[in-house]
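Here's a walk through a two-chain model, with the sequence and coordinates to scroll through as you read. Keep the viewer open and follow along.

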Amino acid sequence: MEGDRYTAIDAILKEKEGVQKDVIPILQAIQNQYHYLPEDILKRVCNQTQITPAMLMGVSSFYSQFRLKPTGEHIIKVCTGTACHVKRAELVYDTFGRALHLEPNQDTDPKGNYTLEKVNCLGCCTLAPVVQIDEITYGHVEVESVKRVLTSFENLNGQPKTKENANNINGNKNDGEIRIGLGSCCIASGSEEVKNSVELAVKENALDVQMKRVGCVGMCHQVPLLEIIPKGKEPTLYSKVQPGDVNKIINQHFKPQGIWHRLKSSIFNMVEDIQTDRNWEGIEQFELNYREKQVSSFLGTQVPIATEHRGAIDPLDIDEYKQGFGFFALKKCLNELSPDQVIDKIEESGLRGRGGAGFPTGAKWQTFKIQQSEIKYIICNGDEGDPGAFMDRMLLESYPYRIIEGMIIAAHATGASKGYFYIRAEYPLAVKRISEALKICKEHGYLGKNILDSGLAFDIEIFQGAGAFICGEETALIASIEGNRGFPKLRPPYPVQQGLWECPTLVNNTETFATIPFILRNDVANYTKYGTENSKGTKVFALAGKINRGGLIEVPMGITIREIIEDIGGGVAEGRKFKAVQIGGPSGGCIPESLINTPIDFNSLKEVGAMMGSGGLVVLDDTDCMVDIARYFLSFTQSESCGKCTFCRVGTMRMLDILNNITAGKGTSKDLDELEKLAKWTKKGSLCGLGQTAPNPVLSTLTYFRHEYEAHINGTCPTGKCQNLIKYSIDDTCIGCTKCAQNCPVDAIAFTPYEIHVIDQDKCIKCDGCRQVCPEDSVHVR
Amino acid sequence: MIKLKVNGKEIEADNGLTVLETLKKEGINVPTMCFLDNEEHFPTCMICIVKDQKTGRLIPSCSTHISTGMDIISNDEEIIEARKTALELLLSDHIGECDAPCQTNCPAFMDIPLMNRLLANGQFDEALRVVKKDIALPAVLGRICPAPCERACRRRNIDEPVSICTLKRYAADHDLEHASSFIPDIARLNGKKIGIIGSGPAGLSAAYFLLQKGYQCTLHDKNPLPGGALRYAIPDDRLPKEVLDQEIDIIKQMGAKFLMNFELPVDGLENLRKEYDGVIVATGEENADFDELVKKNKSFVTEKNTYQTNVDGVFAIGSAIKPGRVAIRAVAHGKEAAFAMDQFLNGNPVTGEAQLFNSRIGRMLEEEYDDFMLEADPGPRIETTEFEGFTMEQVQKEAARCMHCDCRKKFDCKLRDYSGEYDASQKRFFPRERPPIRKIFKHEPLVYEPEKCIKCSICVRITARHKEELGLTYIGKGFDVEISAPFNDYQKNALENTAILCAEKCPTSALAIKKHDEV
């Protein structure tokens, strides 16, 4: 029996050395195998390896990926990233809890079917609120749609999974090309099903087209996207495509092969028309076109550098990458430029690290280059932990070769021999794409002992981050690769001097590496023509929140907030009034409407109390409560603090205490002074960037929205978001349709058909369900 | 060698030194809590913060290495405020009490929990010494004290308070039964004379403490016998005269002189003041003398903590200044005034005895009753008659009901010392709802109280360096991070070789030796 119990773990251990650096990979493998970390298995690890119980428990309890308790059969993850938060994801979470009959402090239903949890950010911000059940992602989940989501999951779950279509589409392109977006957002919105439908349709119609998966187009608000490029004709882009639409779209552009197919196709479609009761006009509303004004403004003012060839290339097709000048810069560096010349050009480009702090990349490379050491490491930081940011994910998923090229160039310039991709385990698609891309690069001689016969030896492996926001900080990231808790270290020494396993280590952000090939491939002036005096080039942002067109955007530095929101984003969603934009996530701040003309660069953002951060832009409208936003970020940083230094560990908690009091209507004006003082000390006294920037969301909202804090202290939440300060009521426009009463999860509304309904305030849990279902807008919050 | 500035002075120091080490070499002390010599530097507490003037940044001196051109300021207003704020943040997450509530509620601030532990252990003489450190007349008070300590006793929440007063009486009576009773150490006569007006509990207590410091004390009283209200206002069945006489006799043995049938001179204090180096007015409540004195010395004002009056060298205590006739309060005044008088006569600033910082927890929570009871005898309060007192068995059983609310390291706690030094306020950030206290007794011979832990990680580093098989580790992250042994069932052998070392190095009493006062 014992032998059986340990077969799997012993097999896992066999592949590892069993030393400290294996701790996280071993724990990940155990969790994959057992779905949690059983104690006896962990003890087995300690018995069989040099790993100590203290190491194992210290690490497994630090990272959010690991579970020490068994879970239900399925895991429901409710995203509480910023974009989801402002779209009331907490209410969705509560509703799931009620739907599953969970007691407080319980996360798994009694039958053991589901485990419910909050997750920091799934990186699908444009589909907020987002819920993931096992591998299936649901976008735009509202309180009132929770039950439908569960039912839909259960129906789906009963059925066998769709098999990969064996008869995949060949690549002759005789008739043209069909491109389908397969970024995470697209997949989350159902593009996998659309892909299956396309494959089926193409097979049914025996078309000779090439179907191609492409990376993120950036138009995440329109997903799933399907682009049809008939040979020699204008391409047409369809957005928000449903599987049922596919046949018609394809029939519109391609003629089936042969009479039998054509006949079958028309009959089939006729039948389908009857079945789905949809006519052709029904689909047109989904049609988009590059020349159409809205879209051209979304894409038009953007400058794709890190995201070059967006939506046009298959992420993993190395030939396509090469056709678009891929590896051109690398060859140029290896053949024509000395390491010093490469660094000179990077310095000349003025490139600053895209991870947030904006340290000049060239200077960092230079310091790293001069370090004398047998082993030097390069790490691509893809540990995108900001709630509300998904740039790294998109870049890794869509442009793996570009990032790899940037890393190889860095290796050439600085004499490093070994590289790591540090990617969050929450980004499985990114991990998959990068690992395939690395394999292909090795096969093509771009990685290995003698890259392109230049004598350069460089190899890259992937390290999967196990979920800790602090690991975006480079010293914490290094600690985590070493197999430790992600405790940051005091700098100096900087990692470029003494980093991974005490060796010099260059850590650059994903976007930084993705920008390198463009700078070196062209004249540097091609890059420096974009941007401002102190911040050159472009910046990739994740635009989300209350915006009409959210998505991944790449814009020249110096663009104003107004241009981003109005031109690219198409203005605030639902015609509401713009209130602020949150930039830089938990380290950043809220920029109010009065500063909407601020040009965005590293310095200007600091001046207005925000920060570039990694580039999350969450738009807030007049229904968003700024005190709640500050409280939201503080609760995030508090729980993500590594717990090492006093000012961060306790300081953020005490700030959160004060904010909780204020949003509960128990604040005093003295609290505001104390909050400001404590914010100042937390900034000053914390050891690393997390604590030093954690107070920014509080300080910036205190600066620009102090009146909202004061309103809470006087007992009102002006936007009706803070549950303790609001009441729901129904006015006399109620038509007595009973929808609210039927939808109320706690029977706070009596079922009184054709009469004005009344909410029992003692029972009401303020879930917002009644307001959402009311067809007459008769439910009010005040 | 590295050239840098320390507090404006140019110095040279060896490469590789930390700022803390450099400052130490310059004779500058910096407070530290998470720092431990010979262990890996792992800055957590931030109390050792200093400033690099060059960058304006605050840096943890224990782990920052010196570099050329640094301009270190080791102490200025900003640094003091930073340290104070760090302490206040730590105190908001340090749930525990330094002194037990019974002791803080005792006007004489007697170390009641320690007395209880000694009595429970049958160490009656040692218990008496603890009592007599603060209380001059324990046998008397053991009979008549209203026992404010028992009102504060946390055992009250569970059943009934510990019979502190009667326990103290046992210790005192037991001592008086000896052929020669306990007499505290007396310093060599310092040649200074104190006149005490009134020989009630306040005057006797003042004499008791001043005598120990080497002063010659003379008590003046209008009555024929000493004792004041103790003798003349309390009936014999409550306080037998022989008990009072026995305890006064000890004070006599210590060298006190008594001038009985003494009439207050017409000139008030003037002549007395000339005769003595210091005068203590302890005339009691229903005594016209004090009113007279006040009349004769217009605007006679007493300082709150020192009992010093506006007449030079004259201190006033007891019911004379605060009516109410609470003997324990009078005794406490006597003790405190003796301290202040000593400061006065030594030419020091008269401040009274400094109160140590005291961490408080507020009300006890129901969730923590069980853990508090882990060390206490679960039996009911033992009642006795006023005449009898306890038997020896009863004493030991009753004293064992004490729950050990006081801190095991109350005299050896860095957090307490620095909080006092920096005048830190625990209330500033203390949460409205505090977590319940846990007392974990799995690590023989230790007690672990996680809610007192300030996460300095010294024990984690010690156990790792000494290669404990299990050791201790951080569990979790964020504010909720905790130090614990991995896998709960293993806790008892987490500290095979390093238990005592960890307890000794713990800067608070999160990890402490269970039998800390070796009873």
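Which residue of β4(A) does A:Gln132 stand opposite? The partner is A:Thr137. Before going further, bear in mind that this is a predicted model.

## A four-stranded sheet in chain A

That residue pair belongs to the link between β3 (residues 131-133) and β4 of chain A, which pair in the antiparallel sense over three bridges. Zoom out a little and you get an open sheet of four strands in chain A, ordered β2-β1-β3-β4 and with mixed pairing. The edges are taken by β2 (114-119) and β4 (136-138) of chain A; each has a single partner strand, so one side of each is left without a neighbour in the sheet. From one strand to the next, the twist averages 20 degrees.

There's a helix on this sheet, too. Helix α6 (residues 89-99) of chain A packs on it, touching β1 (74-79), β2 and β3 of chain A. The direction of α6(A) makes about 155 degrees with that of β1(A).

## A covered strand with parallel neighbours

Now move along chain A to strand β11 (residues 418-424). Buried or exposed, what are most residues of β11(A)? The strand is mostly covered, with six of its seven residues buried.

Strand β11(A) has parallel links to β10 and β13 of chain A. Strand β10 (residues 377-382) of chain A runs parallel to β11(A), and six bridges join the two; in that pairing, A:Tyr377 has A:Lys418 as its bridge partner. Seven bridges join β11(A) to strand β13 (residues 456-465) of chain A, again in parallel. There, A:Tyr420 stands opposite A:Glu461 in β13(A). As background, strands of a sheet pair through backbone hydrogen bonds, either parallel or antiparallel.

## Backbone oddities

Most residues other than glycine have a negative phi, and most peptide bonds are trans. A few spots here go the other way. A cis peptide bond joins A:Ala128 and A:Pro129, with omega at about -10 degrees, and A:Pro129 sits in the loop between β2 and β3 of chain A. Another cis bond joins A:Pro492 and A:Pro493, with omega about 0 degrees. You'll find A:Pro493 in the loop between α21 (474-481) and β14 (505-509) of chain A.

On the phi side, A:Phe325 is not a glycine, yet has a positive phi of about 65 degrees. Look for A:Phe325 in the loop between α14 (318-323) and α15 (328-336) of chain A. This residue counts as partly exposed because it has 14 C-beta neighbours inside 10 Å. Over in chain B, B:Asn261 likewise isn't a glycine but has a positive phi, about 55 degrees. B:Asn261 lies in the loop between β8 (257-259) and α12 (270-275) of chain B, and its 10 C-beta neighbours inside 10 Å are why it counts as exposed.

## The two chains overall

Chain A holds 33 helices and 21 strands. Of its 782 residues, 53% count as buried, and the C-alpha atoms fill a box of roughly 85 × 80 × 70 Å along the principal axes. A compact globule with 782 residues would have a radius of gyration near 28 Å, and chain A, at 27 Å, agrees with that. Among contacts in chain A with a separation of 6 or more, 73% are between residues 24 or more positions apart.

Chain B has 19 helices and 14 strands. Its C-alpha trace spans about 75 × 60 × 40 Å along the principal axes, and buried residues make up 50% of the 519 in the chain. For contacts in chain B between residues at least 6 apart in sequence, 70% join residues at least 24 apart.

## Where the chains meet, and confidence

How many residues does each chain bring to the contact? Chain A supplies 32 residues and chain B supplies 32 residues. On the chain A side, the elements giving two or more residues are α3 (39-48), α4 (53-60), α26 (626-640), α27 (646-663) and α28 (669-685). The most comes from α27(A), with eight residues. By class, that side of chain A has 13 nonpolar, ten polar and nine charged residues.

For the complex, the predictor gives an ipTM of 0.92 and a pTM of 0.89. Chain B has a mean pLDDT of 92, with 96% of its residues at 70 or more. Among the elements of chain B, helix α13 (residues 288-296) has the lowest mean pLDDT, 60, and helix α2 (residues 77-92) the highest, 98.

Note on methods
Residues numbered from 1 in each chain as written. Chains lettered and ligands numbered in written order. Predicted model: local features only at pLDDT ≥ 70, side-chain atom pairs only at ≥ 80, totals over all residues. Contact = placed C-beta atoms within 7 Å. Nonpolar A, V, L, I, M, F, W, Y, C, P; charged D, E, K, R; others polar. Pairing = 2+ DSSP bridges. Axes fitted to C-alpha atoms, helices over the stretch in contact; angles between N-to-C directions. pLDDT = per-residue confidence, 0-100. Buried ≥ 20, exposed ≤ 12 C-beta atoms within 10 Å, placed from the backbone. Rg over C-alpha atoms; globule rule 2.2 N^0.38 Å.
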